[in-house]
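Please follow this structure step by step, with the sequence and the coordinates side by side.

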Amino acid sequence: MVADRVAPGTGWPGDPADARTPVARSAADVRDLACAAPSLAELTARQSVCRACPRLVEWREEVAAVRRKSFRDERYWGRPIPGWGDPAPSILIVGLAPAAHGGNRTGRIFTGDRSGDFLFASLYRCGLASRAESVRAGDGQQLIGARMVAAVRCAPPANKPAPGERDRCAPWLAAELRMVAASLRVLVCLGGFAWQALWPVLDGAGYALPRPRPAFAHGAEAELRDATGATVLLLGCYHPSQQNTFTGRVTGAMLDAVFTRARSQAAGESHSNS
Ligand code: SF4
């Protein structure tokens, strides 16, 4: 098997890790390293070198070695995609997993693919991104008051992580949620799979959740309480996949409506325990 990836600390823009960053190689390692990370910067570094899912490690590195014809002259990231954006966000945008030739190539979630083109255009219109395009790491794009994460950090074959892989990756997301909880007011879930994957992570992170779990829909809302009792609004948003955007199931106006709602909620009530 041909395998390739960017070695940590070798100059890739935004690479949070270096050669000393500890590498998780099992589910227990993920739990231990996520729980013990002393800072958000170290947590993202540890996420970005994880090797705990053999099937996903093999796939992401094989894709990075073989490459798509149109990107054959580019170096691929070939590693897990760490959380990215504002370190103290009021809005957290949650996707399911990076795309093989998008995030797995650029090293940044929703960057370098058609879904990202659609998503960042909307974020820019809504004042949550500094540019309408997100092309590559180091392109100057910045999220404004927002942060992006994937529930599963490695690109999966056919865009479908196995349930065991989703569960193995969950401690990375739970730890990131804990580290940004003080500023967080809104969670935006992109797609039903991310909605489902997020729920047990929120439960495990101490959020008080409505029961039964509300069904996912575009514009669905659920009011949560974080571990301190503060209110956090969960919003559902159709995934801006090529299939959804080509068929008109999701439009730019529909994304704008969700992110405008997220932004006004984040800017509105104080983050109180009321
Ligand atoms: S999916 Fe998550 S747990 Fe599995 S190897 Fe990637 S980063 Fe590690």
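Helix H6 contributes three residues to the shell around the ligand, the largest share that any element gives, in what should be read throughout as a predicted model. That shell holds 15 residues in total, and the closest to the ligand are Cys50, Cys53, Arg153, Cys154 and Cys169. The elements that supply two or more residues to the shell are H6 and helix H3, which covers residues 54–66. By class, the residues around the ligand comprise 10 nonpolar, one polar and four charged.

H6 also packs against other helices, and its contact with helix H2 may be taken next. H2, residues 40–47, and H6, residues 163–180, have axes that lie 10 Å apart and make an angle of about 165°. Since angles over 145 degrees count as roughly antiparallel, H2 and H6 are therefore described as roughly antiparallel to each other. The crossing in which H2 passes H6 is left-handed. On the H2 side the contact is made by Leu40, Leu43 and Gln47, and on the H6 side by Trp172, Ala175, Glu176 and Met179. These residues divide by class into five nonpolar, one polar and one charged.

A further contact of H6 is with helix H7, residues 192–204, where the two axes come within 9 Å and cross at roughly 55°. That angle makes H6 oblique to H7, and the crossing in which H6 passes H7 is right-handed. From H6, the residues in this contact are Arg166, Ala170, Leu173, Ala174 and Leu177, while H7 provides Ala197, Pro200, Val201 and Gly204. Seven of the residues in the contact of H6 with H7 are nonpolar, one is polar and one is charged.

From the helices we turn to the sheet, which is open and is formed by six strands with mixed pairing, in the order S1-S3-S2-S4-S6-S5. Strand S1 (84–85) and strand S5 (221–225) stand at its edges, and each has a single partner strand, so one side of each is left without a neighbour in the sheet. S1 runs antiparallel to strand S3, residues 146–150, and is joined to S3 by two bridges. Within this pair, Trp84 has Met148 of S3 as its bridge partner. Helix H9, residues 252–267, lies across three strands of the model, namely S2 (91–95), S4 (186–190) and S6 (231–237), and runs at about 175° to S6.

How values were computed. Residues are numbered from 1 along each chain as its sequence is written. This is a predicted model: local features need pLDDT of at least 70, side-chain atom pairs count only at pLDDT 80 or more; totals for chains, interfaces and linings use all residues. Axes are lines fitted to C-alpha atoms, for helices over the stretch in contact, and angles run from 0 to 180 degrees between N-to-C directions. Helices (H or I, at least four residues) and strands (E, at least two) are DSSP runs, numbered from the N terminus. Angles under 35 degrees count as roughly parallel, over 145 as roughly antiparallel, 65 to 115 as roughly perpendicular and the rest as oblique. A crossing is left-handed if the near helix is turned anticlockwise from the far one by less than a right angle, and right-handed if clockwise. Two residues are in contact if their C-beta atoms, placed from the backbone, lie within 7 Å. Ala, Val, Leu, Ile, Met, Phe, Trp, Tyr, Cys and Pro count as nonpolar, Asp, Glu, Lys and Arg as charged, and the others, Gly among them, as polar. A residue is near a molecule or strand if its C-beta atom, placed from the backbone, lies within 6 Å of it. Two strands pair if DSSP finds at least two bridges between them.
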